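User: Please take a close look at one part for me: the surroundings of the ligand. Then work outward from there, and keep it chatty.

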Amino acid sequence: MTQTGQFTDGPVLGVETSCDETSAAVLVGSRLAGHVILSQDAHERFGGIVPEIAARAHLRQIDDVVTATLAEAGVRAGEIDGVGVTAGPGLIGALLVGLNWAKGFAYALGRPLVGVHHMEAHLYAHSVGAPEVEPPFVALLVSGGHTMLIHAIGWENYRLLGETRDDAVGEAFDKVARTFGFGFPGGPEIERAAREGHPGHFRLPRPMLASTDHPGDPAYFDFSFSGLKTAAALLAADLTTAGGSARLEQARPDLAAEFQEAVLDVLVAKTRRAVEYTGCTRVVLGGGVSRNGRLRERLASEMAGLADVHAPPPRLATDNAAMVACVARHRLLAGKRADLSLNADPAYPFPGLVPNILQGTTCIRN
Ligand code: KG4
Ligand code: ZN
């Protein structure tokens, strides 16, 4: 059965539970009227997300999170005009909680529902409550589960230029942080420590940056972080062998600075390649790693004169429901509706994303 209620651009409720943040948001028009993000700290002692704990926490929290969001927005449940929920990708148990909650809510109120792709939501995050950056643009999406370089030709008309062949960049930050002895999540800890250290004191590889690559070679835009992660682990092991844990601790700021610079050298260079290849004059950043201040700083300075960089405010870079509501409003305005058969799917397809077929295609310029 399809939810048939008319959407008249009234308040949109967004719900996000794909990983370890329980979040709800209310958009009134393009204004973010209410937004609650409840992060689960129960995972810290395990050094990573435990899927079962995440799902159970969402279940406990979702009602309260939505209630608090509606109160902050000054909107009653019955005034919600449309609902958007992350349907995937993500942890299946976690996704199921938000999706079924949103389905029940939409059905009870007779309001239309749309399923949202988590990474497309990251692509919209910069435009929450801000003037929208219209395609064409290059999007660099960097999170704990994905690393994607996308040419957005139009809305729902996306070409995947490159992606990671192994670990996502956020995952590499988290795992390398653990080998260096930092807490979880590792990204913010590495960024903090790197401010006190010097890149170049130790040397780590810059994967897949070979100068012989060209756009016809898939390696030109793709990423790989597992070799870098191994190199960082070997370096940490050598330091510990040479001088024990005290030596590793003393080296941590320099290790963090070198690891961060190695990752950013790759991210910035590949984004630059994408800008040159597509001719786009705008770059959109999204995903948890885009919270990194050094990434923002480097992209802005190294793209100067080539492209403007649009990044979400830090709170909207990591997982949140405001970006989900933003995609949902777009889709609802375009007349899209999900069926009540909508299900959570860890492999939920990215709407309108096609692989890059370089041979025989012309470069699309704006
Ligand atoms: O988008 P996100 O909140 O969740 C996923 O969709 O995966 O991204 C989480 C990731 C984690 O790996 C975390 O370490 C990373 O974003 N992250 C950072 C920073 N803040 C969060 N990585 C580097 N620097 C940061 N400041
Ligand atoms: Zn995310």
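Analyst: A polar contact here is a pair of N or O atoms within 3.5 Å; within protein, one must be able to donate a hydrogen and the other to accept it, and residues adjacent in sequence count only if both atoms are side-chain atoms. This is a predicted model, so local features need pLDDT of at least 70 and side-chain atom pairs pLDDT 80 or more, while totals for chains, interfaces and linings use all residues. Residues are numbered from 1 along each chain as its sequence is written, chains are lettered from A and ligands numbered from 1 in written order, and side-chain values use heavy atoms, leaving out hydrogens and water.

Now to the ligand. Ligand 1 has 19 residues around it, and the nearest are Gly144, Asp174, Glu191, Gly288 and Asp319 (near means that a heavy atom of the residue lies within 4 Å). Glu191 also reaches the ligand with its side chain: an N or O atom there sits 2.8 Å from a nitrogen of ligand 1. The side chain of Asn292 has an N or O atom 3.1 Å from a ligand nitrogen. With His122 the ligand uses an oxygen instead, 3.1 Å from an N or O atom of the side chain.

Follow Glu191 outward and you get to some helix packing. Helices (H or I, at least four residues) and strands (E, at least two) are DSSP runs, numbered from the N terminus. Ile190, Glu191, Ala193 and Ala194 of helix 5 touch Pro253, Ala256, Ala257, Phe259 and Gln260 of helix 6 (contact means heavy atoms within 4.5 Å). Sorted by class, that patch has seven nonpolar residues, one polar and one charged (nonpolar is Ala, Val, Leu, Ile, Met, Phe, Trp, Tyr, Cys and Pro; charged is Asp, Glu, Lys and Arg; the others, Gly among them, are polar). The axes of helices 5 and 6 come within 7 Å and cross at roughly 110 degrees (axes are lines fitted to C-alpha atoms, for helices over the stretch in contact, with angles from 0 to 180 degrees between N-to-C directions). That puts helix 5 roughly perpendicular to helix 6 (under 35 degrees is roughly parallel, over 145 roughly antiparallel, 65 to 115 roughly perpendicular, the rest oblique). Their crossing is left-handed (the near helix is turned anticlockwise from the far one by less than a right angle; clockwise would be right-handed).

Just back along the chain there's a backbone quirk: the peptide bond from Phe184 to Pro185 is cis, with omega near -10 degrees. Pro185 belongs to the loop between helix 4 (169-180) and helix 5 (186-194).

Helix 6 (residues 226-278) has another partner, helix 7 (residues 293-302): their axes come within 10 Å and cross at roughly 40 degrees. So helix 6 is oblique to helix 7, and this crossing is right-handed. Helix 6 brings Gln260, Glu261, Leu264, Asp265, Leu267, Val268, Thr271 and Arg272 to the contact, and helix 7 brings Arg294, Leu295, Arg298, Leu299 and Glu302. The class split here is five nonpolar, two polar and six charged. Notice Gln260: it touches helix 5 and also helps make the contact with helix 7.
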